[in-house]
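Biologist: I am new to this structure and would like a close look at a single part of it. Could you take one helix and the elements around it, and go through them in one connected account?

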Amino acid sequence: MIKSSIIYIASAIVIILSACAKKDPVQQANETIKVKDLEKYVKTLGSDDFLGRKPFTEGEKITIDYLSEEFEKMGLEPANNGRYLQKVPMVEVSVHPDEKMIFNTPGKNVSLSYRDEFVATTRWLTDEKITLDNSDVVFAGFGINSPEYDWNDYEDIDVRGKTVIVFVNDPGYGTNNEELFNANAMTYYGRWTYKYEEAARQGAEAILIIHETGPAGYPFSVSRNGAVVPKLYLKPDDNYQSRCPVEGWLTNEAADELFSTLGYELEDLKEQARNHDFTPVDLNASLSFSMKSQHTFNDSYNVMGYIPGTERADEVIIYSAHWDHFGVDSSLEDDSIYNGAVDNGTSLAWMMEIADAFTSLDEKPKRSVMFFAPTAEEQGLIGSKHYVNSPVFPLHNTVANINNDLMLPYGRYKDIMVTGHGQSELDDLLEELAEDYDRYVYPDPNPHTGMYYRSDHFAFAKKGVPALFARGNCDSREHGKEWAKEKEKFWLENRYHKPSDEYNPDTWDLSGIRDDARIMFHLGYKLANDTIFPAWEEGSEFKSLREKMIENQQ
């Protein structure tokens, strides 16, 4: 009897000790996220075999097949009615502008050269030549009409059928005035995409933005390179007749020449445009210009797989990282493939490892978790825009989007840089976890570049879904902040959107991306097993959108 009791007690102790030794599910899942697996994904996706992953090319088919197969192997279910793919109807537009843009002024004509001093594009789907025949030119400040900021650069002027010239960014940029828009941090009203949209709403026939590297966040070469190649857009219902027929950029030097000829100092006009009582200026000039365009309809594809929730399967957390890049440029000598190993191979690897961590869980999450690889991000967030217009999960049941882009391969970081910091309660939830990972949340030190509006999370935010874009970036755990700043600067100047964005096993260190994947898995795991819906913060331009979305469901 005593012997039996001893055996029973010993067995009970073993069971208790085994239970105590059982790993926390987050810890267990996080251990599946490994550098060697990240390297495998990046090496594959960034290889020449994938031909630069451009939509409408053989590189697209190779990419979407690979991602679909990987989703299936790791156990994700097809998210789109039994398919991993979601068709995205698109149109490719090639433009052939005049080599000169002629401004007719009382003193003399100002002639600007294509590519060097201006670029121009069109979304109009027409076989006819688009012509501006002595189109009256108006300077409209920053081209903003914002009820939230009680600001209207188009007040008291009719620009229908005219050409509008505006500054890039917001009036607050460069002022450090916290009461002027969002000071140096760009709002959506500062983005060139918004300025194009608003000019069209005002009825303008052309919109030209004055480029400056600081407030734009990139050199004129980025605007030029994006304009001279064929552009992809969502297939429209109206052949884009609601857009301005001509959309484009002027270099700052070209704009300065034009305004000087008309008797204005560009910097003086900028100061005037920063005042609440600014009045648009009829420039007493006209524009003559024309362009031809060609267009082709085709389909691209988003890739998506998911884990169904065990209790609230209709509610979803969405991780995203775009799959596309710029393909092959046969006009380049030597290396002609835009491999996109960082943009966006590292982020795809980040997402795939998080997906693998979720599938490794013994007990699946209560809410659904979807992994979303959109197409044509580089062409204007097209795949994610299509998704939010035709979502698999209703947007009012979409708890959050956690997105990443441009994750640099320079080792481990102390910080988690949040682009768009202060927008939503997702920042607070991330901060609560950061200490457990010996990290700290750090606001993007360059908010003037408007990065929050430049990756796929913005498509969700613009519809009202709280979206987070965060990664280690600014404070190297081994080398510090200045080193990290120099490495980022080097990469942006020498690798960004260039064929040299290639995987290099000798110099790359993906341990920081592993760290980011682990903490972002943890954040998604918490959301997926909770009932909360993170809200937008007061002052966010997206707060009212979410509130209206929820009201409409009640």
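Modeller: In this predicted model, a good place to begin is inside helix H5, where the residues Thr193, Tyr194, Lys195, Tyr196, Glu197, Glu198, Ala199 and Ala200 are buried. The helix runs over residues 192-201, and because eight of its ten residues are buried, H5 is largely enclosed by the rest of the structure. As for what does the enclosing, the cover over the buried residues of H5 includes the strands E7 (145-146), E9, E10 and E12, together with helix H13 (457-462). Just after H5, Gly203 takes a positive phi of about 90°.

Two of the covering strands also belong with H5 in another way, since E9, H5 and E10 make a right-handed β-α-β unit. Strand E9 covers residues 163-167, and its pairing with E10 is parallel, over five bridges; within that pairing, Val166 has Ile209 of E10 as its bridge partner. Strand E10 also pairs with strand E12 (residues 246-250), again in the parallel sense and over five bridges, and here Ile210 stands opposite Leu250 of E12.

Strand E10, which spans residues 206-210, has five of its five residues buried, so the strand is largely enclosed by the rest of the structure. Its side chains can be followed by direction: Ala206, Leu208 and Ile210 point one way from E10, whereas Ile207 and Ile209 point the other way, and all of them are buried. Ile209, the bridge partner of Val166, and Ile210, which stands opposite Leu250, therefore point in opposite ways from E10, and both are buried.

For another view of a helix and what it touches, one can turn to helix H4 (residues 58-74), in which Glu70 lies. The axes of H4 and of helix H3 (residues 35-45) come within 12 Å and cross at roughly 155°, and because angles over 145 degrees count as roughly antiparallel, H3 and H4 are roughly antiparallel to each other. From H3, the contact is made by Lys40, Tyr41, Thr44 and Leu45, and from H4 by Thr63, Tyr66, Leu67, Glu70 and Met74; by class, these are five nonpolar, two polar and two charged residues. Glu70 has a relative accessibility of 9%, and because buried means under 20%, Glu70 counts as buried. Leaving aside residues up to four places away in sequence, Glu70 touches Lys40, Tyr41 and Met352.

How values were computed. Residues are numbered from 1 along each chain as its sequence is written. This is a predicted model: local features need pLDDT of at least 70, side-chain atom pairs count only at pLDDT 80 or more; totals for chains, interfaces and linings use all residues. Side-chain values use heavy atoms; hydrogens and water are left out. Helices (H or I, at least four residues) and strands (E, at least two) are DSSP runs, numbered from the N terminus. Buried means under 20% relative accessible area, exposed over 50%, partly exposed in between (1.4 Å probe, protein chains only). Contact means heavy atoms within 4.5 Å. Two strands pair if DSSP finds at least two bridges between them. A crossover is right-handed if, with the strands pointing away from the viewer, the path from the first strand over the helix to the second runs clockwise. Axes are lines fitted to C-alpha atoms, for helices over the stretch in contact, and angles run from 0 to 180 degrees between N-to-C directions. Angles under 35 degrees count as roughly parallel, over 145 as roughly antiparallel, 65 to 115 as roughly perpendicular and the rest as oblique. Ala, Val, Leu, Ile, Met, Phe, Trp, Tyr, Cys and Pro count as nonpolar, Asp, Glu, Lys and Arg as charged, and the others, Gly among them, as polar.
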